[in-house]
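Visitor: I should like to learn how pockets and residue environments are read from a model. Please begin with the general idea and then turn to the case at hand.

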Amino acid sequence: MELAAEFPPVTRADWQQLALSVLRRSGLELDDLSSPTYDGLTLLPLYDDRPAGGRFTRSARGWDVRQRHAVPDPEAVLADLENGVTSLWLVVGDDAIPVGELPRVLAGVYLDLAPIVLQAGPRTAEAARALLALAAGRGVQVTGNLGAGPGPGTAELARRCVAEHPGLRAVTVDATPYHDAGGGDAQELGCSLALGVAHLRELTAAGLDIGQALGQLEFRYAATADQFATIAKLRAARRVWARVAEVCGGPGEQAQHAVTSSAMMTARDPWVNMLRTTLACFAAGAGGADAVTVQPFDAALGLPDGFARRIARNTQSLLLEESGVGRVIDPAGGSFYVEHRTAELAERAWAFFQELQGAGDGWQALAAGRVAATRERRAADVAHRRVPITGVSEFPAVGETPVRREGGAEAGLAVLPFADDPAQTPADEALSADLPPCGTRRRSSGCVTRPTRCPSGRWSSWPRSARSPRTPRGPRSPPTSSRRAAWTPAPLARGPTPRPSPTRSPRAARGWPACAQPTSSTPSTRKPWPPR
């Protein structure tokens with residue numbers, strides 16, 4: 001049965017004519033609905049067909065909740081594992097968890113149940129030996145990833161994992177540095193392919209067959225608040241890596257670890273980071289990541305405290321347990337928009353990967369140059385407010401109070417000033433000093449130099465010192481039918497609404513603050529809502 005059989009057929013040309021009839025009333029054309037990306041793709045306003053499908057764009061449902069720790073705190077590690085975290089990501093080194101502290105940090109951890117992922121840089125071989133010795137002393141098999149990168153000793157660790165620890169990988173192909181440096185999604189994927197192929201050559205040269213070498217790699221990508229870009233990136237990553245494996249003659253499944261982007265985290269108004277990481281976590285899960293790490297919302301301020309870690313792990317628990325995001329395999333599959341964006345991104349990533357391969361040993365320098373160029377474009381867009389950053393360039397909290405941190409100096413946490421002390425509250429000028437230039441005023445502008453809100457919520461050009469103190473607003477009433485009609489705030493005082501009297505203006509009767517009361521002798525300074 002065709003559900004649309006009784007309706008006349010509609011084509012793309014019909015939609016274009018209808019859309020143009022509306023757009024031209026505002027002086028726009030159909031091309032104004034398209035938007036470019038940093039990878040050179042053009043996002044169209046309508047997708048009405050399915051592109052050619054590819055293999056390995058779908059992944060198993062659910063994901064591994066992986067929490068990152070860079071401080072030797074056994075209590076924090078156990079608190080995470082007891083409250084939803086399923087694996088640990090340990091940063092090991094002189095400025096993080098010392099290698100000698102690993103037995104103490106993992107004292108209460110069941111190594112055969114909780115996978116361990118290491119990030120030790122030049123201390124990888126030493127940290128791996130300590131972890132494997134700890135597991136051998138307990139008589140258990142450790143799972144996870146040793147986190148080895150390019151360099152000597154990687155092949156030896158891979159051979160040991162293949163021979164003695166079948167549930168343990170040796171190599172992490174980390175593409176997040178390219179993302180954090182400002183690169184586009186296609187550049188991040190292309191660089192990850194170049195790194196992955198370099199590892200395959202190293203491991204096969206050391207005696208591993210192609211299947212064993214492919215099984216030793218885990219890829220790490222950044223997940224951002226742009227949910228469709230993240231979903232398409234993870235799906236495209238599996239597709240292009242399947243092509244690499246197909247050419248090499250091995251299995252094409254790609255193990256993915258998605259980490260919420262460090263580049264999108266802000267030190268100003270850090271509470272908004274909770275929203276960003278929630279979107280990124282959802283996108284990573286919907287995109288099919290095997291493991292997801294949500295960075296604490298105060299990560300840009302220093303080492304996270306217990307509250308921030310709890311919010312990070314509960315973000316994943318809510319999406320997995322309450323929202324059921326992990327119950328559906330590839331929920332974005334079949335979407336014309338997502339399928340097209342995945343296919344186009346995979347093509348751009350493959351082309352960039354081929355360009356890097358053509359550069360030979362100088363591919364890192366070529367990649368660095370391309371990433372730097374994209375970073376400059378991003379910086380220009382942020383500076384001119386073409387790319388809004390909520391809480392920084394858009395809608396900044398001028399009177400922002402610093403985040404209250406748990407613990408203290410003895411716990412290795414940065415102690416920030418509290419809002420209780422007025423002398424420690426930053427001034428408006430100090431907060432707005434490092435904001436991007438204002439440029440042209442816009443309706444959605446959050447620039448601190450534009451007119452600010454009076455307590456009623458309407459725009460006022462009065463200076464802060466001339467306005468009355470902030471008063472809590474009542475609940476909003478339903479919007480009116482007029483586009484420019486503002487909501488009417490409820491009376492600020494409790495009790496029945498006072499009736500207007502001949503000596504009292506209707507606005508005063510409705511509870512409007514003094515800054516919105518026009519007088520007969522002075523013209524009104526109230527701005528129209530919404531602002532032009």
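**The largest pocket and two residue environments**

Guide: In this predicted model, helix H13 gives the most to the lining of the largest pocket, with six residues.

Visitor: How is such empty space found, and what is the volume of the largest pocket?

Guide: Rolling a probe the size of a water molecule over the atoms shows where empty space is left. Here the largest pocket has a volume of about 1,300 Å³. Its lining comprises 35 residues, and Tyr38, Met264, Arg378, Val382 and Val387 lie nearest the centre. Two or more lining residues come from each of strand E1 (35-36), helix H6 (176-180), helix H12 (336-358) and helix H13 (363-383). By class, the lining divides into 15 nonpolar, ten polar and ten charged residues.

Visitor: Is threonine 124 buried or exposed?

Guide: A residue counts as buried under 20% relative accessible area. Threonine 124 has 9%, so it is buried. This threonine belongs to helix H4 (residues 124-138), and its side chain reaches the backbone oxygen of glycine 121 at 2.6 Å. Beyond four places in sequence, threonine 124 touches Leu146, Gly147, Ala148 and Leu157.

Visitor: Where is glycine 84 found, and which residues is it in contact with, leaving aside neighbours within four places in sequence?

Guide: Glycine 84 sits in the loop between helix H2 (74-81) and strand E4 (87-91), and its contacts of that kind are Val65 and Ser317. With 33% relative accessibility, glycine 84 counts as partly exposed. Its C-alpha atom is separated by 9.5 Å from that of arginine 310, although the two residues are 226 residues apart along the chain.

Terms used: Residues numbered from 1 in each chain as written. Predicted model: local features only at pLDDT ≥ 70, side-chain atom pairs only at ≥ 80, totals over all residues. Heavy atoms only, no water. 1 Å grid on protein atoms, 1.4 Å probe; cavity = no way out; pocket = protein on both sides within 12 Å on 5 of 7 lines; lining within 4 Å. Points joined across faces, edges and corners; volume = space filled by probe spheres on them. Helix = DSSP H or I, 4+ residues; strand = E, 2+ residues; numbered from the N terminus. Nonpolar A, V, L, I, M, F, W, Y, C, P; charged D, E, K, R; others polar. Buried < 20%, exposed > 50% of the residue type's maximum accessible area, 1.4 Å probe, protein only. Polar contact = N/O pair within 3.5 Å; in protein donor to acceptor, adjacent residues only side chain to side chain. Contact = heavy atoms within 4.5 Å.
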